[in-house]
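Welcome, and please load the model in your viewer. We will go from one selection to the next, pausing at each stop to see what is there.

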Amino acid sequence: MRRYMVGGNWKCNGTLAFSKSFPAEVLNGLKFDPSKVDVVVAPTALHLSTVQSVVKNNVHVATQNLSLTGNGAFTGELSAEMIKDMGISHTLTGHSERRTLYHETDQDVAKKTKTALDHGFTVLACIGELLEHRESGKTREVNERQLNAIREHCEDWSKIVIAYEPVWAIGTGKTATPQIAQETHAEIREWLGKNVSKEAQ
């Protein structure tokens with residue numbers, strides 16, 4: 001049976017007050033069966049420890065990103081070692097904004113995903129196509145290119161969750177209908193079945 005996941009990414013938003021009140025008033029009041037569904041929240045790096053200290057109710061805290069480098073002279077980075085030391089179990093990799101605004105390549109994302117797995121994290125690996133890809137019929141090609149990069153570096157996919165983002169529908173006025181999303185999910189599952197395992201599908 002396929003396990004469900006519900007996640008919320010704060011992006012670069014939130015205040016200290018919000019990072020205390022939202023987990024206490026909203027997340028801690030959620031009613032769900034943790035044996036069937038995972039609930040994940042990804043606050044900013046600045047608010048991670050605050051959220052983690054408040055949140056209960058089997059809600060997982062995730063980082064929005066992690067560094068390709070370890071500890072050392074890497075100003076502004078968030079190493080996997082530091083994240084693990086904080087007791088955080090999940091991380092995003094390859095979010096569309098990391099790819100488009102900060103020029104992370106497929107290889108960067110794949111290497112970050114491998115680094116996260118090597119440190120025991122569950123990875124929400126984000127993939128998705130831009131508007132020009134959607135309009136030119138290249139959705140499948142782009143998604144499979146991004147997935148293939150991860151496959152080059154990662155053999156065990158048991159802790160990888162594929163998060164499909166229809167990037168073309170963000171701020172464009174165009175809508176990714178449930179049907180469009182399901183069609184793309186089916187293509188991703190087909191790729192997983194052929195290239196990873198039937199279990200991953």
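A salt bridge, for this tour, is a side-chain nitrogen of Lys or Arg within 4 Å of a carboxyl oxygen of Asp or Glu. Keep in mind as you look around that this is a predicted model. By the salt-bridge rule, the count comes to twelve, and we will visit some of them.

**Stop 1: the end of helix 8**

Select Lys194 and Glu190, which form a salt bridge with their closest N and O atoms 3.0 Å apart. Because the two residues are four apart in helix 8, about one helical turn separates Lys194 from Glu190. Lys194 is exposed, at a relative accessible area of 63%. Glu190 is partly exposed, with a value of 30%.

Now add Arg140 to the selection. Its side chain meets that of Glu190 in a salt bridge of 2.9 Å, N to O. This pair links distant parts of the chain, since Arg140 is in helix 7 and Glu190 in helix 8, 50 residues apart. Arg140 is partly exposed, with a relative accessible area of 31%. Add Glu144 too: salt bridges that share partners join Arg140, Glu144, Glu190 and Lys194 into one network.

**Stop 2: elsewhere in helix 8**

Helix 8 covers residues 178-195, and Gln182 is found there. Gln182 is partly exposed, at 48% relative accessible area. Try a distance from its C-alpha atom to that of Ile88: the two are separated by 31 Å, and lie 94 residues apart along the chain.

**Stop 3: helix 5 against helix 7**

Show helix 5 (residues 106-118) together with helix 7 (residues 139-153). Their axes are 8 Å apart and the packing angle is about 45°, which makes helix 5 oblique to helix 7. The crossing of helix 5 and helix 7 is right-handed.

Which residues meet here? On the helix 5 side, select Asp106, Gln107, Ala110, Lys111, Thr113 and Lys114; on the helix 7 side, select Arg145, Gln146, Ala149, Ile150, Glu152 and His153. Colour them by class and you will find three nonpolar, four polar and five charged residues in this contact.

**Stop 4: a link to helix 4**

Finish with Lys11 and Glu97, whose side chains meet in a salt bridge (2.7 Å, N to O). Lys11 sits in the loop between strand 1 (4-9) and helix 1 (16-25), while Glu97 belongs to helix 4 (residues 96-101), so the pair links distant parts of the chain, 86 residues apart. Are these partners buried, partly exposed or exposed? Lys11 counts as partly exposed at 29% relative accessibility, and Glu97 counts as partly exposed at 27%.

Terms used. Residues are numbered from 1 along each chain as its sequence is written. This is a predicted model: local features need pLDDT of at least 70, side-chain atom pairs count only at pLDDT 80 or more; totals for chains, interfaces and linings use all residues. Side-chain values use heavy atoms; hydrogens and water are left out. Axes are lines fitted to C-alpha atoms, for helices over the stretch in contact, and angles run from 0 to 180 degrees between N-to-C directions. Angles under 35 degrees count as roughly parallel, over 145 as roughly antiparallel, 65 to 115 as roughly perpendicular and the rest as oblique. A crossing is left-handed if the near helix is turned anticlockwise from the far one by less than a right angle, and right-handed if clockwise. Contact means heavy atoms within 4.5 Å. Ala, Val, Leu, Ile, Met, Phe, Trp, Tyr, Cys and Pro count as nonpolar, Asp, Glu, Lys and Arg as charged, and the others, Gly among them, as polar. Buried means under 20% relative accessible area, exposed over 50%, partly exposed in between (1.4 Å probe, protein chains only).
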